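Hi,

Here is the structure I promised to pass on. Have a look when you get a moment, and my notes follow underneath.

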Amino acid sequence: MTACNPHNELERHFQTYLARVANVLEVSPPRLTPPDPLPALPPQRTLQQQQQRVTAGLLDTLKLGECRLLGLVGEHNSPVGKSQSAAAMLLYHLQFQQGLHDCQARAKDPALQDWLSEVESLKAPLLPGYHWNMMVAEPEIRAALMPRARTLRFAQQGGYQETVAAFTLFDRLHRQARGLAEPAPLTVRELNLALSGLYDNDYLGQLFYSLHSAAHYLEQSIGFLQQLERFDCGPRGRDQAERLRNAMQHYYIRDIQAYFSQLDRQFVQLAPLLERTLNPPVPGNDQLAEYRRHFALGLDSRVYRRYRELTLEHARLWQRFLARCDISPT
């Protein structure tokens, strides 16, 4: 048996579980191998999309003054504004679009209303691209999305609540950018608070690796446990069969399966948020396709689907053994 990876508590639990089963079977435990690396998040330069600019002339700028948007535009065009982060850029364009919408509702001049409607319609298709750029370029988000080579701890999954809060806000912004929700004011403070929750937060990358590792160790366990299909369930093997059941209950059900239940519940909550917020605005131009297939296709994500399939296969193997030997599962 290999030495335990100090960053992989799950591996240690599987080694203990399989060692106890092997002890009852009076065979050597399997030699566990480490999981293969997961696909990395592609470089920012391959993902970020150039956005078309919608400019206004002097007379149009005066119209913006009637909408009290000159301050917002001036701040955006200042040296500080031109170096804005991708998240701040999205927020600016959403706030500008909201300002156009509010001004259009207040304006009494039909010509001004028509102009505002035209500008709003020109800028609306660009908003999903600004949201996409935030998701693939903002440093805190990129760091959160990066798969890690470390599993989550059994005792406590730190960073989960902050990750859910951040991606819930990103989903809210995504819906606004696509015109799927009524515009609602969002402050820079709210956005910065969500991003700060992802700072130095490896939870999501560790969740991906935990599901990946779970599937990997389940597959190796299933290979080792195939010998249960040949186990002699006669009277002489009854006591040994019950000891096998006890080892499975104590080391797998109580420890490993309880941990899996937490991973499963947490991924199920995050899966739709990841699927929506990492959906590219231009179909067919998806440089993130391989990454999305693994982690961001909802419950059909490869990392989750494989984990679920092998969890069920492992359970069915034990169910067949217990049924054949007429042993109660509990």
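At 60% relative accessibility, D326 counts as exposed. Keep in mind that this is a predicted model.

D326 sits in the segment after helix 15, which covers 302–324. What caught my eye there is the backbone: D326 is not a glycine, yet its phi is positive, about 55°. For context, most residues other than glycine have a negative phi.

E26 has the same kind of backbone entry: a positive phi, about 60°, in a residue that is not a glycine. You'll find E26 in the loop that runs between helix 1 (9–25) and helix 2 (44–47). E26 is exposed too, with a relative accessible area of 70%.

Back in helix 1 itself, take a look at A19. Its relative accessible area is 21%, so A19 counts as partly exposed, given that buried means under 20%. A19 and L317 lie 298 residues apart in sequence, and their C-alpha atoms are 18 Å apart in space.

Then there's T163 in helix 10, residues 160–177. Is T163 buried or exposed? It's buried, because its relative accessibility is 1% and the cut-off for buried is under 20%. Which residues does T163 touch, leaving aside neighbours within four places in sequence? The contacts of T163 are L198, N201, Y203, L204 and L270. As for L41, its C-alpha is 17 Å from that of T163, with the two positions 122 residues apart along the chain.

Shout if you'd like to go through any of this together.

Cheers

Technical notes. Residues are numbered from 1 along each chain as its sequence is written. This is a predicted model: local features need pLDDT of at least 70, side-chain atom pairs count only at pLDDT 80 or more; totals for chains, interfaces and linings use all residues. Side-chain values use heavy atoms; hydrogens and water are left out. Helices (H or I, at least four residues) and strands (E, at least two) are DSSP runs, numbered from the N terminus. Buried means under 20% relative accessible area, exposed over 50%, partly exposed in between (1.4 Å probe, protein chains only). Contact means heavy atoms within 4.5 Å.
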